[in-house]
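Let us look inside a protein model and at the ligand it holds. Keep the sequence and the 3D view side by side as you read.

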Amino acid sequence: MTQPTASLGIIGTGALARYCVAGLRKAGDARRILLSPRNAQIAAELAARFDCTVMDDNRAVVEAAGVLLLATRPDDAEAALGALDLRAEQLLISVVAGLPLARLRALAPRPRIARSMPLCCAEVNAGAMPLWPEEAQAQALLGQLGEVIAVADERQFELAFVASCANGWYHRLFAELEDWLVEAGFARDTARSLSLHAAHGASALDLARRDTGPAERAGLIATPGTYTRAGLETLIENGTLRGLRAGFELIRRKVESSD
Ligand SMILES: NC(=O)c1ccc[n+]([C@@H]2O[C@H](COP(=O)([O-])OP(=O)(O)OC[C@H]3O[C@@H](n4cnc5c(N)ncnc54)[C@H](OP(=O)(O)O)[C@@H]3O)[C@@H](O)[C@H]2O)c1
């Protein structure tokens, strides 16, 4: 069995690799990190900032690593993985959207394999990422980057993409309040703090007091006669929540049609 501090090899040195490496180092993970040389600019940057080693090619990464992170774009992933020869004692973590476990196993029959999807907030060790199948070593590694959420099966793994997209939408929602506050006369920085801490505070409370669900808490806060209730009713009348649901359903259709 490979040790939890096994060296990490990354095939696909792009945006995801960049924020995962930053997140691991921020979390204090000092393991060896070995990078595929393409993209040379990002590889050089990560080597300089986060003490990573840029290897000569993908094969050299696989030879030296205990855990492999497959992080090319989906269209490049099969060719990249198919050209490599992973060993039985290794763990392969694929973050490639839409590439099923059965296909990964066909391309890499020997290692243990897990699928996950860390998001850019992994850079600050926050946010959720689904994991499937459950894999203790993957859980330990990825758990440093945020909340690892084991899901029941591959269908759920794919559907968790809806939450990943929502994570991106939230930034746009935060911006809406920030911009409105600026238009109302606040300095940009003050508006940003008011907006972001409103979101952070709501999320932090719901996470810390899980016995009360968010819907129940909204009801407890938005009681009849309050401004919060009046505003919430206006949001609902204007289709805000319906719009969010439509966004969720759009992603579901996209995920299911790419099966
Ligand atoms: N970025 C995100 O927020 C995010 C979130 C969740 C999941 N993901 C998943 O993460 C994966 C990577 O996304 P990304 O945004 O990091 O993409 P990216 O920035 O384009 O990085 C992918 C890297 O892989 C390199 N590459 C392509 N073929 C390769 C090969 N055969 N061997 C080694 N490297 C190769 C690319 O080089 P070239 O540019 O030279 O082609 C590029 O540097 C995707 O499958 C995506 O589904 C991304």
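These questions cover a predicted model, starting with its cavity and moving on to its ligand.

Q: Which residue class, nonpolar, polar or charged, makes up the lining of the largest cavity?
A: The structure holds one cavity of 30 Å³ or more. Its lining consists of Leu8, Cys20, Leu24, Leu69, Leu141, Leu142 and Leu145. Leu and Cys count as nonpolar, so the class is nonpolar.

Q: Which helices each supply at least two residues of that lining?
A: The cavity in question has a volume of about 50 Å³. Cys20 and Leu24 are among its lining residues, as are Leu141 and Leu142. The helices that each supply at least two are helix 1 (15-26) and helix 6 (136-142).

Q: Which pocket, by size rank, does the ligand take up?
A: Helix 1 and helix 4 (74-82) each give two or more residues to the shell around the ligand. The space that the ligand takes is the second largest pocket.

Q: What share of the ligand's exposed area does the protein bury?
A: A backbone N or O atom of Leu16 lies 2.8 Å from an oxygen atom of the ligand. Arg38 places a polar side-chain atom 2.9 Å from a ligand oxygen. Taken alone, the ligand exposes 880 Å², and the protein buries 76% of that.

Q: How many charged residues are in the shell around the ligand?
A: The ligand has 21 residues around it, and Ala15, Leu16, Asn58, Thr72 and Arg73 come nearest. By class, 11 are nonpolar and seven are polar. The charged residues number three.

Methods: Residues are numbered from 1 along each chain as its sequence is written. This is a predicted model: local features need pLDDT of at least 70, side-chain atom pairs count only at pLDDT 80 or more; totals for chains, interfaces and linings use all residues. Side-chain values use heavy atoms; hydrogens and water are left out. On a 1 Å grid over the protein atoms alone, a cavity is a set of points where a 1.4 Å probe fits but cannot get out, and a pocket is an open set with protein on both sides within 12 Å along at least five of seven lines; lining residues have an atom within 4 Å of a point. Grid points are joined across faces, edges and corners, and a volume is the space filled by probe spheres set on the points. Helices (H or I, at least four residues) and strands (E, at least two) are DSSP runs, numbered from the N terminus. A residue is near a molecule or strand if one of its heavy atoms lies within 4 Å of it. A polar contact is a pair of N or O atoms within 3.5 Å; within protein, one must be able to donate a hydrogen and the other to accept it, and residues adjacent in sequence count only if both atoms are side-chain atoms. Accessible areas come from the Shrake-Rupley method with a 1.4 Å probe; for residues, only the protein chains shown count as cover. A molecule sits in a cavity or pocket if more than half of its atoms lie within 2 Å of its grid points.
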